[in-house]
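Student: Could you take me slowly through the cysteines of this structure, and then go on to its side chains at the surface?

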Amino acid sequence: MSESFSRFDTEKYLNTPLEIAAYLETCFEDDAGDGLLICTALNNIARAQGMTQVARDAGLGRESLYKALSSAGNPEFATIMKVMKALGLRLHATAV
């Protein structure tokens with residue numbers, strides 16, 4: 001018997017604002033401190049919402065946004081904040 005596997009596609013599970021917020025919050029908690037997990041999460045969320053529209057809403061070029069949120073990207077904090085605003089998300093801090 002042969003098993004077949006398909007690649008897990010995070011985008012399929014980011015359908016509601018609550019799912020998106022929970023996903024990003026988990027990534028904030030689990031990020032190693034280099035921001036890579038957060039950029040990957042924002043990339044997944046932006047693709048799920050439509051990268052072209054997110055780029056437009058953030059005032060960025062689509063290609064620039066793809067590059068900034070790629071695993072090789074190193075976006076400025078201002079870019080992250082623009083993307084989060086375009087996605088309808090807010091960054092907040094809590095005491096631990």
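Tutor: M81 has a relative accessibility of 31%, so M81 counts as partly exposed, a class lying between buried (under 20% relative accessible area) and exposed (over 50%), with a 1.4 Å probe and protein chains only. This is a predicted model, in which local features need pLDDT of at least 70 and side-chain atom pairs count only at pLDDT 80 or more, while totals for chains, interfaces and linings use all residues. Residues are numbered from 1 along each chain as its sequence is written, and side-chain values use heavy atoms, with hydrogens and water left out.

Now to the cysteines. If a disulfide is taken as a pair of cysteine sulfur atoms within 2.5 Å, the count comes to zero, and for C27 the reason is that the closest cysteine sulfur, in C39, is 11 Å away, too far for a bond. C27 is buried, because its relative accessibility is 6%, and C39, at 10%, also counts as buried.

At the surface, M81, which belongs to helix α5 (residues 77-86), forms a nonpolar patch with F77 and L91, and together they have about 280 Å² of accessible area. Helices here are DSSP runs of H or I with at least four residues, numbered from the N terminus. A patch of this kind joins nonpolar side chains (Val, Leu, Ile, Met, Phe, Trp, Tyr) within 5 Å, from residues with over 30% relative accessible area and no salt bridge, that is, no side-chain nitrogen of Lys or Arg within 4 Å of a carboxyl oxygen of Asp or Glu; the areas come from the Shrake-Rupley method with a 1.4 Å probe, and for residues only the protein chains shown count as cover.

How values were computed
Patches are made of residues with over 30% relative accessible area and no salt bridge: like charges are joined within 9 Å, nonpolar side chains (Val, Leu, Ile, Met, Phe, Trp, Tyr) within 5 Å. Helices (H or I, at least four residues) and strands (E, at least two) are DSSP runs, numbered from the N terminus.
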